[in-house]
Amino acid sequence: MQAMVVDLRISPLDTRELVRVYRDEVVPLARKQKGFRSAWLLTDPDTGVGISITLWDTDGQVGEIEGFYDEKVDKFATLLTETPVRKHYDLNVMS
């Protein structure tokens, strides 16, 4: 399994809107993607820092994950104050 982790920076005033867009638009889109497992959005409303974590099956899914990322970021691009930083990790332990 692979995790895509995206560090997000937004205005603290936009935290609720980011959560709404992620919940109502990004997650339903993710559920339609082959290999998608789950998504989390962590936010700090005091600083505007957010972390998106999505889990994916790894069997040939990397290209689809990349295409999904671009579409996902477009959903909330107007809320961002900095370019998101994306990283991929192998999920080794899950409990």
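**View 1. A network of salt bridges links Glu17, Arg20, Arg23, Asp24 and Glu25.** In this predicted model, one link of the network joins the side chains of Arg20 and Glu25, whose salt bridge has an N to O distance of 3.7 Å. Another salt bridge is formed by Arg23 with Asp24, and here the closest N and O atoms lie 2.9 Å apart. Arg20 is partly exposed, with a relative accessibility of 29%, and its partner Glu25 is likewise classed as partly exposed, with a relative accessible area of 28%. For the other pair, the relative accessibility is 48% for Arg23, which counts as partly exposed, and 39% for Asp24, which is also counted as partly exposed. The count for the model comes to five salt bridges.

**View 2. A salt bridge joins Asp57 to Arg37.** The side chains of Asp57 and Arg37 meet with an N to O distance of 2.7 Å. This pair links distant parts of the chain, 20 residues apart, since Arg37 belongs to strand 2 (residues 36-44), while Asp57 sits in the loop between strand 3 (49-56) and helix 2 (62-76). Asp57 counts as partly exposed, at a relative accessibility of 27%.

**View 3. Strand 2 and strand 3 form a hairpin.** The two strands, strand 2 and strand 3, pair in the antiparallel sense, and their pairing extends over eight bridges. Leu41 can be used to find one of these positions, as its bridge partner in strand 3 is Ser52. Four residues lie between strand 2 and strand 3, and in this turn Gly48 has a positive phi of about 80°. In a regular strand, side chains alternate between the two faces of the sheet.

**View 4. The rings of Phe36 and Trp56 form an edge-to-face pair.** The count of aromatic pairs in the model comes to one. The ring centres of Phe36 and Trp56 are 5.4 Å apart and the ring planes stand at 75°, so the arrangement is edge-to-face. Because Phe36 lies in strand 2 and Trp56 in strand 3, the pair ties together parts that are 20 residues apart in sequence. Phe36 is buried, with a relative accessible area of 16%, and Trp56 is also counted as buried, at 0% relative accessibility.

**View 5. Leu29 of helix 1 (residues 15-31) is shown with the residues around it.** Setting aside residues up to four places away in sequence, Leu29 touches Phe68, Glu71 and Lys75. Leu29 and Glu71 are 42 residues apart along the chain, and the distance between their C-alpha atoms is 9.0 Å. Leu29 is buried, having a relative accessible area of 15%.

**View 6. The protein chain, from which the close-ups are taken, has two helices and four strands.** Read from the N terminus on, the elements of the protein chain follow the order β-α-β-β-α-β. The radius of gyration of the chain is 13 Å, close to the 12 Å given by the globule rule for 95 residues, so the chain is as compact as a globular protein of that length. Taken along the principal axes, the C-alpha atoms fill a box of roughly 40 × 25 × 20 Å. Of the 95 residues in the chain, 35% are buried, and the accessible surface comes to about 5,800 Å², with 49% of this surface belonging to carbon and sulfur atoms. Among the contacts between residues at least 6 apart in sequence, 69% join residues at least 24 apart.

Note on methods
Residues are numbered from 1 along each chain as its sequence is written. This is a predicted model: local features need pLDDT of at least 70, side-chain atom pairs count only at pLDDT 80 or more; totals for chains, interfaces and linings use all residues. Side-chain values use heavy atoms; hydrogens and water are left out. A salt bridge is a side-chain nitrogen of Lys or Arg within 4 Å of a carboxyl oxygen of Asp or Glu. Buried means under 20% relative accessible area, exposed over 50%, partly exposed in between (1.4 Å probe, protein chains only). Contact means heavy atoms within 4.5 Å. Two strands pair if DSSP finds at least two bridges between them. Rings of Phe, Tyr and Trp (its six-membered ring) pair if their centres lie within 6.5 Å; planes under 30 degrees apart count as stacked, over 60 as edge-to-face and the rest as tilted. The radius of gyration is taken over C-alpha atoms; the globule rule is 2.2 Å times the number of residues to the power 0.38. Accessible areas come from the Shrake-Rupley method with a 1.4 Å probe; for residues, only the protein chains shown count as cover.
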